[in-house]
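Hi,

Here is the structure for you to look over. My notes follow below it.

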Amino acid sequence: MTPLPLRRNCPHSDCPSKGTQARARVVRHGSFTTRRGVRTRYLCRSCERTFVPSLGTAYHRLRRPRRDFDQAVKLVVEGNTATAVARVSAVAPSTVLRWYERAARHARRFDEEHLKLDEPVELQLDELNTHGAGERDPDWVFGAIEVWSRVWLATS
């Protein structure tokens with residue numbers, strides 16, 4: 001049994017079905033073989049363009065297993081250096097940095113598309129006066145959080 005597509009609508013931004021209530025009719029449109037197995041392609045009947053389910057995700061055109069990507073990004077987020085993660089993952093440090101930038105770009109895009117506060121209930125603004133050892137001039141760090149949803153609105 002072939003799994004259903006990850007998306008029910010067309011991922012292309014210029015598709016005629018975008019911005020309408022009607023969903024694009026997406027159908028299976030063949031398959032192709034990779035080193036990791038057979039992948040299915042899909043066809044949007046509205047714009048007549050094909051795509052794979054990973055289009056628009058951080059995994060699109062990734063040449064390593066997803067678990068390697070996930071592990072590397074997780075280790076970098078936990079504070080490990082790119083060279084240490086590269087040693088563990090058996091990839092180049094530049095690859096680890098590129099993966100981290102890719103994950104950050106997609107997380108940022110997800111936040112912009114899905115994380116919207118139309119009517120904040122309670123905003124809390126805080127400041128912190130910091131300075132390093134031996135520094136005379138303090139730095140100020142400001143933060144704004146919406147208390148009820150715990151969404152960080154701004155930092156500087």
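A polar contact is a pair of N or O atoms within 3.5 Å; within protein, one atom must be able to donate a hydrogen and the other to accept it, and residues adjacent in sequence count only if both atoms are side-chain atoms. One such contact, of 2.7 Å, links the side chains of Glu-146 and Ser-149. The Glu-146 side chain also reaches the backbone nitrogen of Val-121, at 2.8 Å.

Some ground rules. This is a predicted model: local features need pLDDT of at least 70, side-chain atom pairs count only at pLDDT 80 or more, and totals for chains, interfaces and linings use all residues. Numbering runs from 1 along each chain as its sequence is written, and side-chain values use heavy atoms, leaving out hydrogens and water.

Back to Glu-146. It sits in strand 5 (residues 139-146); strands are DSSP E runs of at least two residues and helices H or I runs of at least four, numbered from the N terminus. Glu-146 is buried (under 20% relative accessible area, 1.4 Å probe, protein chains only). It has no salt bridge (a side-chain nitrogen of Lys or Arg within 4 Å of a carboxyl oxygen of Asp or Glu). The nearest side chain of opposite charge is Arg-150, 8.7 Å away (Lys and Arg count as positive, Asp and Glu as negative; His and chain ends are not counted).

Now the largest nonpolar core (buried Ala, Val, Leu, Ile, Met, Phe, Trp, Tyr and Cys joined through side-chain atoms within 4.5 Å). It has 14 residues; Phe-69, Val-73, Val-85, Val-96 and Trp-99 touch the most other members. Helices 1 (66-77), 2 (82-89) and 3 (93-114) each give two or more residues. Helix 1 gives the largest share, five.

Regards

Terms used. Buried < 20%, exposed > 50% of the residue type's maximum accessible area, 1.4 Å probe, protein only.
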